[in-house]
Amino acid sequence: MHDHHHHHTASERIGWAFALNFCFTIIEFIGGWLTNSTAIMADAVHDLGDCLAIGMAWWLNKLGAKEANSRFSYGFSRFSLLGALINGVILVLGSLWVLSEAIPRLLNPQMPDAQGMLGLAVLGIAVNGYAAYKLNDGKTLNERMLNWHLLEDVLGWVAIFIVSIVLMFVELPILDPVLSIGFTLFILFNVAKNLTETLRLFLQATPDHELREQILENLAALDHVSDIHHLHLWSLDGEQHVLTAHLLLKQHYEQTELLRLKVLIASAMKGFPLSHTTIEFEFPDESCRDDAANELAHHHH
């Protein structure tokens, strides 16, 4: 029965989810304004963020497939960090806007249109639930991430659904700004986490300390190696890592022994998520080129 669905690529599925979400986000902003509900506005900002995330994922999916060239020698996977950064900034701005609307309403609550809220909530649960169900076929990391976003949206709408039902029976208009502030703080908390991680990767911080220790151990365990320095581990996008290192060897080895050592290094590096590795040998009486260059630079200051 499902056979005719399987030719859809990740890119098509993601593009499809984007179109659906984008139309729906516009409906939400209008709906939030018409129903006078800050909770729906907060959810609309969250959905806008997801929309951008899906749009970026879709664009990066296409871009990531491009071959590396002389200008972008590491390929294009690093662009996803840029996407995450832009997305984070937009979500922060949107969240601040919602807070500026919602906080004054705590002191002076206005009754939203509960029936309208209920209608939008039912629609929201249906749309996001369906999109999550469609992306569920997908196996790529992007699709799994987006699936989480969509499920989060469904939960947000369930909260609005419950509040709108309560408001139909009880006049408690303060529930609306309280809910929107709760949403917004949740969004800001997640964004802060993602932004700090993104900035760390941008600044070429070590992505994974355990991995670095493990690599050091494996290299240091080799018989030929007396010291390791200038070991740099950084990440293109949080998934694919780059490693460079200088290995100081115990003595001068014959060519055949050096080739054997290279094979040993290759097997020591097996299984690590490294997409680019550069390892240099240094011999006992040789001075390290990088050290010399660094010292020169310090003397010039």
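## Strand pairing in the sheet

In this predicted model, Trp-234 has Val-242 of strand β2 as its bridge partner. Two further residues find their partners in β2 as well: His-232 is bridged to Thr-244, and Ser-235 is bridged to His-241. The strands β1 and β2, the latter covering residues 241-249, are paired in the antiparallel sense, and eight bridges hold this pairing. Between β1 and β2 lie five residues, the two strands forming a hairpin, and within the turn Gly-238 adopts a positive phi of about 95 degrees.

On the other pairing, β2 runs parallel to β3 and is joined to it by eight bridges. One of the opposed positions here is Ala-245, which stands across from Ile-279 in β3.

## Sheet order and burial

Taken together, the strands make an open sheet of three, ordered β1-β2-β3, in which the pairing is mixed. Because β1 (225-235) and β3 (274-282) each have a single partner strand, they stand at the edges, and one side of each is left without a neighbour in the sheet. With direction ignored, neighbouring strands of this sheet are turned against each other by 15 degrees on average.

Burial can be stated for two of these strands. In β2, eight of the nine residues are buried, so that the strand is mostly covered. The edge strand β1 is also mostly covered, with eight of its eleven residues buried.

## Helices lying across the sheet

Helix α7, made of residues 209-220, lies across β1, β2 and β3, and its direction is at about 150 degrees to that of β1. Helix α8, made of residues 255-269, lies across β2 and β3, and runs at about 145 degrees to β3.

## Packing of α1 against α4

Two packed helices are described by the angle between their axes and the distance between the axes. For helix α1 (residues 10-35) and helix α4 (residues 114-135), the axes come within 11 Å and cross at roughly 170 degrees. The helices α1 and α4 are therefore roughly antiparallel to each other, since crossing angles over 145 degrees are counted in that class.

On the α1 side, the residues making the contact include Arg-13, Trp-16, Leu-20, Phe-24 and Ile-27, together with Gly-31 and Gly-32. On the α4 side, they include Met-117, Leu-120, Leu-123, Val-127, Tyr-130 and Lys-134. By class, the residues of this contact between α1 and α4 divide into 13 nonpolar, seven polar and two charged.

## Cysteines

Why is Cys-23 not bonded to Cys-51? The structure holds zero disulfides, and the closest cysteine sulfur to that of Cys-23 belongs to Cys-51 at 8.4 Å, which is too far for a bond, given that a disulfide requires sulfur atoms within 2.5 Å. Seen from Cys-51, the nearest cysteine sulfur is that of Cys-23, again 8.4 Å away, and Cys-51 is in no disulfide.

As for the surroundings of these two residues, Cys-23 counts as partly exposed because its relative accessibility is 47%, whereas Cys-51 is buried, with a relative accessible area of 1%.

Methods: Residues are numbered from 1 along each chain as its sequence is written. This is a predicted model: local features need pLDDT of at least 70, side-chain atom pairs count only at pLDDT 80 or more; totals for chains, interfaces and linings use all residues. Side-chain values use heavy atoms; hydrogens and water are left out. Axes are lines fitted to C-alpha atoms, for helices over the stretch in contact, and angles run from 0 to 180 degrees between N-to-C directions. Helices (H or I, at least four residues) and strands (E, at least two) are DSSP runs, numbered from the N terminus. Angles under 35 degrees count as roughly parallel, over 145 as roughly antiparallel, 65 to 115 as roughly perpendicular and the rest as oblique. Contact means heavy atoms within 4.5 Å. Ala, Val, Leu, Ile, Met, Phe, Trp, Tyr, Cys and Pro count as nonpolar, Asp, Glu, Lys and Arg as charged, and the others, Gly among them, as polar. Two strands pair if DSSP finds at least two bridges between them. Buried means under 20% relative accessible area, exposed over 50%, partly exposed in between (1.4 Å probe, protein chains only).
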